[in-house]
Amino acid sequence: MNKKVAIILVNYKDYAERFLAECRDSLRAQNYPKDLYKVYIVDNASSGDSREYLKENFSEAIIIPRDNGNYTAANNLGIKKAQDDGFESFVIANIDTKFDNNWLKELVK
């Protein structure tokens, strides 16, 4: 049985501008049912520019603005939002990661 999985990414300041494209494209290319996973990006040390960049460049992701730069607290916030949205499985990943097309399918197995 396939599980609903929330993928939590944390952006910090300008990291998305440097790393998001490759990460986003590899997540879009997953061989896993599109309706069973969702990407949450916690925009840590968020600014209007970073939020706008994320919305324009990864519109299907849930963007969660956050002022403080604490990485652990940012991940916890992403998990909390995903739990509130009904997800029970979570993956915390770095925004500079390029994922293999079968990564999520194999992980869920």
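# Exercises on a predicted model

In this predicted model, D84 has a relative accessible area of 53% and counts as exposed. Let's use that residue as a warm-up and then work inwards.

## Exercise 1: Sorting a salt-bridge pair by accessibility

Task: Find the salt-bridge partner of D84, and decide whether K80 is buried, partly exposed or exposed.

Solution.

Step 1. Look for the partner. D84 forms a salt bridge with K80, and their closest N and O atoms are 2.8 Å apart.

Step 2. Place the two residues. Both lie in helix α3 (residues 71-84), four residues apart, which is about one turn of the helix.

Step 3. Recall the cut-offs: buried is under 20% relative accessible area, exposed is over 50%, and partly exposed is in between.

Step 4. Apply them. D84, at 53%, is exposed, while K80, at 44%, is partly exposed.

## Exercise 2: Two more salt bridges

Task: How many salt bridges does a search of the whole structure find? Then work through the pairs of D25 with R24 and E60 with R28.

Solution.

Step 1. Start with the count. The search of the whole structure gives six salt bridges.

Step 2. Take D25 and R24. Their side chains meet in a salt bridge with an N to O distance of 2.9 Å.

Step 3. Check how covered each one is. D25 has a relative accessible area of 38%, so it is partly exposed. R24 has 12%, so it counts as buried.

Step 4. Ask what surrounds R24. This residue lies in helix α1, and, leaving aside its neighbours within four places in sequence, it is in contact with N57 and F58.

Step 5. Move on to E60 and R28. Their side chains also meet in a salt bridge, at 2.7 Å from N to O. E60 sits in the loop between α2 and β3 and R28 in helix α1, so this pair ties together parts that are 32 residues apart in sequence.

Step 6. Finish with accessibility. E60 is partly exposed at 34%, and R28 is partly exposed at 36%.

## Exercise 3: Following the strands

Task: In what sense do β1 and β2 pair, and in what sense do β2 and β3 pair? Trace the chain between the strands as well.

Solution.

Step 1. Get an overview. The chain has four helices and four strands, and along the sequence they follow the pattern β-α-β-α-β-α-β-α.

Step 2. Compare β1 with β2. These strands pair in the parallel sense over eight bridges. To see one bridge in the model, find N11, whose partner in β2 is D43.

Step 3. Trace the connection. The chain passes from β1 through α1 to β2, and this β-α-β crossover is right-handed.

Step 4. Repeat for the other side. β2 and strand β3 (residues 62-66) pair in the parallel sense over five bridges. Here N44 has R66 in β3 as its bridge partner.

Step 5. Trace this connection too. The chain goes from β2 through helix α2 (residues 48-57) to β3, in a β-α-β crossover that is right-handed.

## Exercise 4: Looking inside

Task: Which residues have the most contacts inside the largest nonpolar core, and which element supplies the largest share of this core?

Solution.

Step 1. Find the core. The largest nonpolar core has 21 residues, and those with the most contacts inside it are I7, L9, L27, V39 and I41.

Step 2. Assign the elements. β1 (5-12), α1 (15-28), β2 (37-44) and β4 (89-94) each supply at least two residues of this core. The largest share, four residues, comes from α1.

Step 3. Zoom in on one member. Not counting residues up to four places away in sequence, L9 touches C23, L27, V39, Y40, I41, V42, A93, N94 and I95.

Step 4. Look for another core. A second, separate core of 10 residues includes A6, I8, V10 and Y40.

Step 5. Remember a helpful rule: in a regular strand the side chains alternate between the two faces of the sheet.

Step 6. Check how covered β2 is. Seven of its eight residues are buried.

## Exercise 5: The whole chain

Task: What percentage of the 109 residues counts as buried, and how compact is the chain?

Solution.

Step 1. Read the burial: 39% of the 109 residues count as buried.

Step 2. Compare sizes. The radius of gyration is 13 Å, close to the 13 Å that the globule rule gives for 109 residues, so the chain is as compact as a globular protein of that length.

Step 3. Add the outline. The C-alpha atoms fill a box of roughly 40 × 25 × 20 Å, taken along the principal axes.

Terms used:
Residues are numbered from 1 along each chain as its sequence is written. This is a predicted model: local features need pLDDT of at least 70, side-chain atom pairs count only at pLDDT 80 or more; totals for chains, interfaces and linings use all residues. Side-chain values use heavy atoms; hydrogens and water are left out. A nonpolar core is a set of buried Ala, Val, Leu, Ile, Met, Phe, Trp, Tyr and Cys residues joined through side-chain atoms within 4.5 Å. Buried means under 20% relative accessible area, exposed over 50%, partly exposed in between (1.4 Å probe, protein chains only). Contact means heavy atoms within 4.5 Å. Two strands pair if DSSP finds at least two bridges between them. A crossover is right-handed if, with the strands pointing away from the viewer, the path from the first strand over the helix to the second runs clockwise. A salt bridge is a side-chain nitrogen of Lys or Arg within 4 Å of a carboxyl oxygen of Asp or Glu. The radius of gyration is taken over C-alpha atoms; the globule rule is 2.2 Å times the number of residues to the power 0.38.
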